[in-house]
Amino acid sequence: MKKIAIVGSTGSIGTQTLEVIRKLDNFRVVAMACGHNFSLFERQLHEFSPEYAAMLEPNRELEVNFPSVKFFYGAEGIEEMLEIAKPDYTVLAASGAIGLRYSLKAIEHSKRLCLANKESIVCGGKLLLEKAKRYSAEIIPVDSEHSALFQLLRGDVRPEKIFITASGGALRDYPLDRINEVTLKDVLNHPVWSMGVRITVDSATMVNKGLEIIEAHYLFSYDEKDILTYVCKNSAIHAGVIYSDGTIKLHIGKPDMRIPIAYSLTYPQRAALKDFTASPLDYSLSLEEIDYRRYPALKLAREIIGIPSKQIAFNAADEIAVKNFVEGRISFGSIYRIIEKTIERIEPISPKDFEEVQAIDVLARKIAQEEVRKCSR
Ligand SMILES: NC(=O)c1ccc[n+]([C@@H]2O[C@H](COP(=O)([O-])OP(=O)(O)OC[C@H]3O[C@@H](n4cnc5c(N)ncnc54)[C@H](OP(=O)(O)O)[C@@H]3O)[C@@H](O)[C@H]2O)c1
């Protein structure tokens, strides 16, 4: 029986992780943490009966309703929970740069980090990978493209190039001359994946793909020029690897996050998930070049790969810009401009610990807010 902790159990990845755990034998949730969604958290506590639970703020009602659960509060509380629960595996499904803090703690106390929180790598790639090595902890990516690459890179010589795909998001066919003024409703109408709000907007700008090539750079040690990106409209092809002898291997499958989540838990075994049985005939396979005029943020991400402070700023500025777009203060086109200006104003440096990462994150958010004010309508 593997003991599992889930940080971010109430989010899109967190709830899908619990769905997977319901279908698998040999996994027991011993600890779970959420932000503020107490009503869903209460249902999860009821169903999974963990020994430990953490929330960003105290909730008296939950404490009274679950007297046998030990509760922790705040970000420190989530760290403390991981320390005391000592789970075999931690699923990092929280959103945001704070995820790095939890990831760094998780690898001290878990043998495996099932990592969905891509910000952990974008903001602290080197820090996290070095610490994982020191603690002999495995990092198994949950992001579908990285899970695909992780699988493709097993058991063969090192490919010359790797590639990941993008669906192109909700605006992939939208007239280019009007794209800067689209509405939130247009942007949230994602053609393939069902995800949280920020990641759906990030799909339309391809900021998400930008974060993912940064993630691939650190996880698989490839230079920017050797990490290719293509549009795959039905998201059937998640990733591929290209060998020097002309061979290309593809990873194909249903666009459903429960599959890479399950793999991160069962690796090196594979679960027998009957609901997901697939036939190659289910998929038509087609890739297209990326049009960087439609997705300038992806080009920007390519330019800052390997410069940690700018990567942190890329993520922070996008979070601020997306929030302001969702709340109707700025146009869709301003998201890119805010990220670009914020990155320009951040010095190129390599933080030595989480505190330095956090300081750059705070500064980048402040700069991004200033840039938002310049763009506000
Ligand atoms: N969704 C996908 O398909 C997908 C695919 C690949 C990778 N990812 C990555 O996975 C991560 C989670 O994405 P998501 O779509 O599941 O996000 P989401 O639906 O917004 O869920 C975020 C989760 O994190 C919790 N949370 C928020 N702030 C927190 C904090 N400061 N401390 C602790 N927990 C906090 C939330 O709690 P409350 O809701 O209770 O406040 C919620 O449980 C992101 O890094 C994303 O990039 C997502």
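**A guided tour from helix α2 to helix α7**

Select S49, which lies just after α2 and takes a positive phi of about 40 degrees. Helices (H or I, at least four residues) and strands (E, at least two) are DSSP runs, numbered from the N terminus. The model is predicted, so local features need pLDDT of at least 70 and side-chain atom pairs count only at pLDDT 80 or more, while totals for chains, interfaces and linings use all residues. Residues are numbered from 1 along each chain as its sequence is written, and side-chain values use heavy atoms, with hydrogens and water left out.

Next, select helix α2, residues 38–48. Its buried residues are F38, L40, F41, Q44, L45 and F48; buried means under 20% relative accessible area, exposed over 50%, and partly exposed in between, with a 1.4 Å probe and protein chains only. These residues lie on the same side of α2, because they cover an arc of only 155 degrees around the axis, the arc being that of the directions from the helix axis to the C-beta atoms. An α-helix has 3.6 residues a turn, so residues three or four places apart point the same way. On the face turned away from the buried side, select R43 and H46, which are exposed.

To view what covers the buried residues of α2, add elements including α1 (12–23), β2 (27–33), β3 (52–55), α3 (60–65) and β4 (70–73). Contact here means heavy atoms within 4.5 Å.

Move then to T10, in the loop between β1 (2–7) and α1. T10 counts as buried, at 17% relative accessibility. Leaving aside neighbours within four places in sequence, T10 is in contact with T15, C34, G35, N37, L40, F41 and Q44. S12 is found in helix α1 and counts as partly exposed, at 33% relative accessibility. An unreviewed UniProt entry places the feature "binding site" at T10, G11, S12, I13, G35, N37, N117, E119 and G196; UniProt positions are given in the numbering used here, feature names are shortened, and annotations may be inferred rather than shown by experiment.

Now select S120 in helix α6, residues 119–134. S120 counts as buried, at 0% relative accessibility. Apart from neighbours within four places in sequence, its contacts are G99, L100, S103, L115, G125 and L128. Add D353: S120 and D353 are 233 residues apart in sequence and 12 Å apart in space, C-alpha to C-alpha.

Finish at S144 in helix α7, residues 144–152. At 7% relative accessibility, S144 counts as buried.
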